[in-house]
Amino acid sequence: MAEAKKIGYGDLTGRVGVEEIRARGVDVDLLIKKLIANAAAEFSSTYYYYTILRMHLAGHEDYKEICEDARLEDRAHWELIVPRIYELGGELPNDLPAFHNGAGCAPAKLPSPPTAVNILTLLLESERCAIRSWSEICDLTFGKDPRTYDMAARILNEEIEHEAWFIELLAQERDHKTIPSGHFRRGEPGEAPYSKNRRFYNP
Ligand code: ZN
Ligand code: FE
């Protein structure tokens with residue numbers, strides 16, 4: 001392990017919390033860049049666009065509720081990860097369009113026509129993008145930056161559940177098949193058991 005850069009007594013120009021992870025091999029600038037891209041994906045690509053998608057699931061109250069859980073949990077992911085960007089010495093772009101355009105996943109825009117099958121397919125593919133992005137953060141930080149790793153792993157836990165939910169719903173809606181996800185409804189919308197450190201369903 002490389003020596004961590006010494007931060008002088010009372011020196012506010014550096015952070016021990018950053019130098020220690022750099023010394024362990026984390027590319028901090030790259031990590032900040034990817035965290036901002038992931039935060040943008042959570043906030044704009046999913047939380048914002050999922051709002052629109054949920055509105056259009058009219059007539060499918062069960063799908064609406066599950067979309068709502070994914071939507072609110074993605075907002076929880078945004079809230080969980082943003083402070084970490086600042087701790088690492090990064091910051092959010094002071095420009096919403098630039099932030100949106102830098103997202104690590106394509107915007108989950110309302111498909112045309114907005115049928116339940118098309119919406120569920122889009123939701124599924126957005127969750128898959130999120131799994132890839134958060135797995136990447138886990139790889140970058142595993143064994144080197146326990147704090148970011150812990151947050152990314154909590155988020156990843158929920159993204160993996162989201163993928164399973166939408167596989168179950170799409171299989172039923174499109175293929176009239178049963179592919180169980182192990183899902184049972186959250187206690188209340190947006191429960192986010194991992195990222196909000198709440199009890200998860202374990203009867
Ligand atoms: Zn998420
Ligand atoms: Fe998600």
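## Reading an all-helix model, one feature at a time

Mentor: Let's begin with helix 2, residues 28-55: at 1.5 Å a residue, its 28 residues should span 40 Å, and its end C-alpha atoms lie 39 Å apart, which agrees. Please keep in mind that this is a predicted model.

Trainee: Thanks! Where is the kink in helix 2 centred?

Mentor: The kink in helix 2 is centred on alanine 41, and the bend there is about 30 degrees.

Trainee: Before we go further, how many helices and strands does the chain have?

Mentor: The chain has six helices and zero strands. Read from the N terminus, the order of elements is α-α-α-α-α-α. The C-alpha trace spans about 65 × 40 × 25 Å along its principal axes, and buried residues account for 36% of the 203 residues.

Trainee: How should I read two helices that pack together?

Mentor: The general idea is that two packed helices are described by the angle between their axes and the distance between the axes. Take helix 2 and helix 3, the latter being residues 61-87: their axes come within 9 Å and cross at roughly 155 degrees. An angle over 145 degrees counts as roughly antiparallel, so helix 2 and helix 3 are roughly antiparallel to each other. Their crossing is left-handed.

Trainee: Which classes of residue make up the contact of helix 2 with helix 3?

Mentor: That contact has 14 nonpolar, four polar and eight charged residues.

Trainee: At what angle do helix 2 and helix 5 pack?

Mentor: The angle between helix 2 and helix 5 is about 160 degrees, and their axes are 11 Å apart. Helix 2 is therefore roughly antiparallel to helix 5. This crossing, too, is a left-handed one.

Trainee: And how do the axes of helix 3 and helix 6 cross?

Mentor: They cross at roughly 165 degrees and come within 11 Å. That angle makes helix 3 roughly antiparallel to helix 6, and the crossing of the two is left-handed.

Trainee: How far does helix 6 reach from its first C-alpha to its last?

Mentor: Helix 6 reaches 42 Å with its 30 residues, close to the 44 Å expected at 1.5 Å a residue.

Trainee: Now the backbone angles. What should I look for there?

Mentor: As a general guide, most residues other than glycine have a negative phi, and most peptide bonds are trans. Histidine 176 is a case to look at: its phi is near 50 degrees, a positive value in a residue other than glycine. You will find histidine 176 just after helix 6, which covers 146-175.

Trainee: Is histidine 176 buried or exposed?

Mentor: Histidine 176 counts as exposed, because it has 7 C-beta neighbours inside 10 Å, and 12 or fewer is the cut-off for that label. Asparagine 197 also belongs in this discussion: its phi is positive, near 55 degrees. Asparagine 197 lies in the segment after helix 6 and is exposed, with 10 other C-beta atoms within 10 Å.

Trainee: Which residues are joined by a cis peptide bond?

Mentor: Serine 112 and proline 113 are joined by one, with omega about -5 degrees. To find proline 113, look in the loop between helix 4 (96-101) and helix 5 (116-141).

Trainee: Could we finish with burial inside a helix? Is glutamate 127 buried or exposed?

Mentor: Glutamate 127 sits in helix 5. A residue is called buried when 20 or more other C-beta atoms lie within 10 Å of its own; glutamate 127 has 25 such neighbours, so it counts as buried. There is a long-range pairing to look at as well: glutamate 127 and alanine 164 are 37 residues apart along the chain, with 9.2 Å between their C-alpha atoms.

Trainee: How far apart are valine 117 and arginine 174, in sequence and in space?

Mentor: Valine 117 and arginine 174 are 57 residues apart in sequence, while their C-alpha atoms are 5.9 Å apart in space. Valine 117 is a helix 5 residue, and with 14 other C-beta atoms within 10 Å it is partly exposed.

Conventions: Residues are numbered from 1 along each chain as its sequence is written. Chains are lettered from A and ligands numbered from 1 in the order in which they are written. This is a predicted model: local features need pLDDT of at least 70, side-chain atom pairs count only at pLDDT 80 or more; totals for chains, interfaces and linings use all residues. Helices (H or I, at least four residues) and strands (E, at least two) are DSSP runs, numbered from the N terminus. The expected span of a helix is 1.5 Å times one less than its number of residues. The bend at a residue is the angle between axes fitted to the seven residues ending there and the seven starting there. Axes are lines fitted to C-alpha atoms, for helices over the stretch in contact, and angles run from 0 to 180 degrees between N-to-C directions. Angles under 35 degrees count as roughly parallel, over 145 as roughly antiparallel, 65 to 115 as roughly perpendicular and the rest as oblique. A crossing is left-handed if the near helix is turned anticlockwise from the far one by less than a right angle, and right-handed if clockwise. Ala, Val, Leu, Ile, Met, Phe, Trp, Tyr, Cys and Pro count as nonpolar, Asp, Glu, Lys and Arg as charged, and the others, Gly among them, as polar.
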